[in-house]
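Please study the sequence and the structure shown below. The paragraphs after them lead through two places in turn, a pocket and a metal site.

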Amino acid sequence: MMIPENPISRSSKEKPAFLRPWTGVFLTTILAAGTYSFMEWLFIVTKPSFLNGLSTFRQIEVLLFFTALVVLTAIITLLPLVLISLFPAFQKARPVMQNVGLLAPAVILATLTLLLLDNFTYTVFRIGIVSSEGLARLLYAFVFVALVVWFWQNAERFAKKQATGAKGKGWQNIITISFLVAALCILAVAVMRKEIGSQAVQQAAVERIKNRPHILLITSDGVNAANMSLYGYKRETSPRLQVLAESSLVAENAFPNSGSTAGSIISLYTGKYPSVTRVMYPPNILRGANAYQHLPGILRNQGYRTVQVSYPHYVDAYSLNVLEGFDIANDRSMPTSGVLVTIQRYVTNDYAYFLYETTNRIVDRLRHILFIKRMTNPYDLVTEEPDIVADLHKVNGVLDLIREADQPLFVHLHLMGTHGPKYYPINKVFSAGQENKQQEVWNTDYYDDSILQFDTYVGSILDVLRETEKFDQTILVIGSDHGQQFVPSKRIPLLIHFPAGAHARRITTNVQNLDIAPTLLDFLEIPIPGYMQGQSLLRLDETQRPIFAFRNTAIVKGGDEASFELDVSRLSPPFYQFGRANLEYCQVWYQLDLYKKTWSTGEILGYVQPCSNDMLLTNEQALDLIVQHLKSTGFDTSSLRPDEIFSR
Ligand SMILES: [Zn+2]
């Protein structure tokens with residue numbers, strides 16, 4: 001590429017102030033970086049994002065922090081060029097270097113334009129980089145390069161004006177310097193504001209123990225225990241699990257703690273109720289100390305290689321801000337070193353998360369159009385016809401991990417084939433002869449086949465564990481994140497196979513996904529942290545506990561649960577993203593709609609060993625338990641008046 005000759009140096013000949021042309025370059029860069037930061041911030045702050053949970057003041061802080069960082073990065077990139085051009089030997093090359101320096105603002109502005117274009121076409125027409133294939137991808141790449149060149153040419157003219165402008169009495173230098181000072185101040189404040197709790201898991205890793213068992217946590221989305229032969233279903237939907245169950249701990253009455261995938265998985269990781277972490281659904285993220293307190297982080301500290309194999313957005317450790325928990329999440333190395341982690345170590349989560357978000361937004365898009373890595377649209381996963389072999393690829397990835405494991409391995413595999421509302425099983429047994437395209441939503445034949453498919457996947461994992469002689473050094477946890485159609489009050493599978501079939505039995509007392517982390521830690525003889533709210537199933541006191549679960553469906557747009565888009569207008573106090581609070585006690589479920597203030601209750605389908613009537617709660621007692629729980633987790637419950645709720 002030809003480097004255009006530099007008009008800056010020529011026009012500033014009369015005033016040969018040495019740094020004058022560089023001032024133009026710097027000002028242009030700072031302006032470009034500032035515009036970029038502001039527009040990205042504006043885009044994120046005006047749509048449902050994790051910023052919604054912050055005060056306006058904090059949102060502006062995030063903007064200032066981000067701008068400071070982008071500007072400083074741009075300036076640091078330019079500095080080597082300035083330093084080199086100081087050497088007399090490079091005097092002649094100085095104009096060329098200043099021109100090269102102008103590539104910085106040109107790339108920043110081209111990137112910004114690409115993002116704006118993409119935001120616009122995607123918002124209006126649902127067409128964008130993420131949906132581009134083949135030639136279209138190439139076209140985007142071409143547009144990007146053309147934009148860089150165009151901005152480069154124009155940056156030159158702009159910089160020249162900045163450097164030689166009529167009022168150019170050094171005010172630009174003042175702006176540059178004050179910008180730098182302001183940026184440094186903001187960064188310093190950000191570092192001082194770092195929350196204390198985040199140091200919790202940063203202590204030196206304890207002595208790493210080689211002989212720990214591998215842990216495979218395998219969850220499939222939205223599986224009803226009632227549809228599994230493992231739990232007595234008439235159709236043989238889980239033959240492999242039935243065999244495994246003979247030497248496993250199986251919970252007959254297991255429940256999730258949220259009806260939404262993100263809320264459920266995060267409660268499973270952290271051992272904390274969603275009411276504590278306030279993570280229910282994207283764009284909720286883990287914040288403060290919560291981001292560092294979880295099972296994957298503890299295991300990683302114990303020398304485990306921790307890998308998450310799931311889907312973006314809903315279950316992605318990265319998107320949900322599970323910090324220092326996974327070495328790899330969804331093919332992406334979780335940053336454990338490097339600039340981003342250094343920044344994250346020293347500043348508040350919110351700042352660092354914004355930085356991740358914005359970095360990913362551009363990196364994902366550039367990689368897609370330059371054919372480096374495909375980008376996936378999280379909404380397509382559940383609303384479009386899914387890639388029927390997506391789960392298969394993930395299972396194969398886990399098989400490779402098992403074969404290669406030479407240190408204790410913790411894998412969380414989350415599969416989506418059973419999610420619905422439509423299902424695309426590879427092998428059709430119960431839906432044989434039916435047309436995939438013509439299936440009705442939540443069709444039972446297809447659903448049962450997708451559960452059988454899940455069983456087959458578990459089977460292939462068992463086969464490889466045996467082949468590699470790792471079966472007896474592995475803990476297998478099989479579960480789900482909620483019942484079909486996001487209902488938390490349906491029984492879900494929970495099976496734990498310990499090495500040598502230890503602790504094998506069937507538990508009928510109600511258990512919850514919150515119990516999984518304490519159980520695993522208990523088995524490994526790792527102290528269970530006080531923040532975990534579940535109980536180890538290895539020492540379960542067999543009296544009934546109230547089990548709480550939360551749903552967000554009341555705040556999904558138009559009440560249409562299949563739209564998966566959050567109605568932000570309803571994200572308001574006192575309950576924010578919480579739409580319904582559920583309670584399971586013995587064989588009865590209770591549900592309080594926090595939005596409509598209505599009450600409903602019913603019997604849990606297929607409940608094993610129901611309690612006697614005198615053990616059951618009255619509606620008043622159940623409502624009181626829910627209200628007390630919400631109160632204890634910081635919600636304002638003054639709008640929940642029993643007389644009004646029961647009269648509706
Ligand atoms: Zn789910």
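The second largest pocket of this predicted model holds about 810 Å³ of space. Such space can be located because rolling a probe the size of a water molecule over the atoms shows where emptiness is left. The lining of the second largest pocket consists of 26 residues. Those nearest its centre are Leu69, Val70, Thr73, Leu355 and Thr359.

Several helices contribute to this lining. At least two residues each come from α3 (56–86), α5 (103–125), α7 (171–192), α12 (339–346) and α13 (349–369). Of the contributors, α3 gives the most, with seven residues. When the lining residues are sorted by class, 20 are nonpolar and six are polar, while none is charged.

The second place to examine is the zinc ion. Which protein residues serve as its donors? They are Asp221, through two OD entries, Thr261 through OG1, Asp481 through OD, and His482 through NE2. These donors lie 2.0 to 2.4 Å from the zinc ion. Along the sequence, the donor residues follow the spacing D-x39-T-x219-D-H. Aspartate 221 and aspartate 481 thus link distant parts of the chain, being 260 residues apart. Aspartate 221 belongs to the loop between β1 (214–220) and α8 (239–245), whereas aspartate 481 belongs to the loop between β8 (474–480) and β9 (494–497).

Are these two aspartates buried or exposed? A residue counts as buried when its relative accessible area is under 20%. Aspartate 221 has a relative accessibility of 0% and is therefore buried. Aspartate 481 is likewise buried, because its relative accessible area is 0%.

Note on methods. Residues are numbered from 1 along each chain as its sequence is written. This is a predicted model: local features need pLDDT of at least 70, side-chain atom pairs count only at pLDDT 80 or more; totals for chains, interfaces and linings use all residues. Side-chain values use heavy atoms; hydrogens and water are left out. Donors are N, O and S atoms within 2.8 Å of the metal (3.2 Å for Na, K and Ca); water is not among the atoms, so sites may look incomplete. Helices (H or I, at least four residues) and strands (E, at least two) are DSSP runs, numbered from the N terminus. Buried means under 20% relative accessible area, exposed over 50%, partly exposed in between (1.4 Å probe, protein chains only). On a 1 Å grid over the protein atoms alone, a cavity is a set of points where a 1.4 Å probe fits but cannot get out, and a pocket is an open set with protein on both sides within 12 Å along at least five of seven lines; lining residues have an atom within 4 Å of a point. Grid points are joined across faces, edges and corners, and a volume is the space filled by probe spheres set on the points. Ala, Val, Leu, Ile, Met, Phe, Trp, Tyr, Cys and Pro count as nonpolar, Asp, Glu, Lys and Arg as charged, and the others, Gly among them, as polar.
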